[in-house]
Amino acid sequence: MMQLNAMLPIVIGLGVYAYVIYVNFVVGIDGDGASPPAESADIVAVVRNVLLMGLFALQHSMMARQTTKKLVTKALPFYLERTFYVLCAASVLHIIMTFWAPLPRVLYEIPSPWWYIVWTLSALGLAVNVSSTWMIDHFDLLGLRQVFMGKKYSQPRFMVRYLYKYVRNPIYLGFLTHIFIAPTMTLGRLVFGLCSLSYILFGIQLEEKDLAHAVGKKYKTYKKAVPMLIPSTKPYAVAQSG
């Protein structure tokens with residue numbers, strides 16, 4: 001196994017964290033480029049974008065499997081495995097954003113004053129998406145806690161807090177709200193949203209299977225009591241008792 005200087009994993013982790021912020025909040029997808037000259041060009045662009053999203057789904061699915069994680073930890077210290085996963089995910093997302101074919105054809109646009117209300121709901125979805133990472137363990141999710149703790153790292157215990165008392169996947173719920181509740185819906189945004197929704201529904205099954213295996217009965221009870229994507233009106237403690 002590779003022997004690393006004590007500070008090197010921390011530097012790598014911070015670098016990857018900065019790269020994630022750059023890709024998500026600076027690069028962005030160019031969905032407002034020049035309109036394709038014909039409908040046939042739209043079809044080619046849709047196929048290209050679907051294939052790009054397929055690359056993202058493939059990377060996420062393969063690298064999240066325990067078999068892949070064991071292979072990675074044969075080459076890297078176990079506390080760098082999550083950082084490596086995050087780096088690969090951000091790199092694939094960067095590729096998607098760089099090579100995404102613009103599809104600016106407007107499917108609908110909400111008129112004023114409703115435009116501002118829908119925009120606010122979309123922004124709220126993004127806020128839920130980002131804030132939900134802090135309701136579990138933001139730094140563990142992005143690999144920073146692992147590199148700072150090094151060999152002393154252990155998995156955080158399973159906790160149900162804040163929005164997680166009402167819905168099992170608030171990160172995905174916020175993301176989908178941001179994408180689909182939009183004041184202006186372009187063809188590109190719709191393609192991106194539908195591909196994302198397809199993978200999310202598939203990926204949740206894999207993630208929750210791993211969680212049930214890792215956490216055991218506690219997660220299975222939580223899964224039965226709390227909805228996957230549509231929030232409950234009752235918090236988890238109430239739902240659990242009846």
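Let us begin with one ring: Phe 175 has a relative accessibility of 22%, so it counts as partly exposed (buried means under 20% relative accessible area, exposed over 50%, and partly exposed in between, using a 1.4 Å probe and protein chains only). The model you are looking at is predicted, so local features need pLDDT of at least 70, side-chain atom pairs count only at pLDDT 80 or more, and totals for chains, interfaces and linings use all residues. Residues are numbered from 1 along each chain as its sequence is written, and side-chain values use heavy atoms, with hydrogens and water left out.

How far can you trust the picture? The pLDDT, which is the predictor's confidence in each residue from 0 to 100, has a mean of 90 for the protein, and 91% of the residues reach 70 or more. Confidence is highest in α8, at 97, and lowest in α11, at a mean of 63. Over residues 30-39 the pLDDT is below 50, and beyond near neighbours in sequence this stretch has 15 contacts in the model (contact means heavy atoms within 4.5 Å). The element names come from DSSP runs: helices are H or I with at least four residues, strands are E with at least two, and both are numbered from the N terminus.

Now back to the rings. Rings of Phe, Tyr and Trp (its six-membered ring) pair if their centres lie within 6.5 Å; planes under 30 degrees apart count as stacked, over 60 as edge-to-face and the rest as tilted. By this rule there are 12 aromatic pairs. Phe 175 forms one with Phe 192, edge-to-face, at 6.0 Å centre to centre and with 70° between the planes. Phe 175 belongs to helix α8 and Phe 192 to helix α9, so their pairing ties together parts 17 residues apart in sequence. Phe 192 has a relative accessible area of 14% and is buried.

Another pair brings Tyr 222 and Tyr 236 together: their ring centres are 5.1 Å apart and their planes lie at 85°, so this pair is also edge-to-face. Tyr 222 sits in helix α10 (residues 217-225) and Tyr 236 in helix α11 (residues 236-241), 14 residues apart. Tyr 222 is buried at 2% relative accessibility, and Tyr 236 is buried at 12%. Ring pairs join these two with Phe 158 and Tyr 219 in a cluster.

Next, follow helix α5. Its 22 residues (114-135) should span 32 Å at 1.5 Å a residue, and the end C-alpha atoms are 31 Å apart, which agrees; the expected span is 1.5 Å times one less than the number of residues. Among the buried residues of α5 are Val 118, Gly 125 and Met 135. The cover over the buried residues of this helix includes α6 (138-141), α8 (170-180) and α9 (187-215).

Helix α9 also has a part in the largest nonpolar core, together with α2 (39-63) and α4 (81-99): these are the elements that give two or more residues to it. A nonpolar core is a set of buried Ala, Val, Leu, Ile, Met, Phe, Trp, Tyr and Cys residues joined through side-chain atoms within 4.5 Å. This one has 17 residues, and those with the most contacts inside it are Met 53, Ile 96, Trp 100 and Val 191. Apart from it lies another core, of 16 residues, including Val 16 and Tyr 85.

Charged residues complete the tour. Side chains of opposite charge can pair when their charged atoms come close. A salt bridge here is a side-chain nitrogen of Lys or Arg within 4 Å of a carboxyl oxygen of Asp or Glu, and the whole structure has six. In one of them, Arg 105 meets Asp 42, with the closest N and O atoms 2.4 Å apart. Arg 105 lies in the loop between α4 and β1 (106-109) and Asp 42 in helix α2, 63 residues apart. Arg 105 is partly exposed at 36%, whereas Asp 42 is buried at 6%.

Arg 168 and Glu 208 form another salt bridge, their closest N and O atoms being 2.7 Å apart. Arg 168 is in the loop between α7 and α8 and Glu 208 in helix α9, so this pair ties together parts 40 residues apart in sequence. Glu 208 is buried, with a relative accessible area of 3%. Glu 208 is also among the contacts of Asn 169, which is found in that loop between α7 (144-149) and α8.

Conventions: Lists of a residue's contacts leave out its neighbours within four places in sequence.
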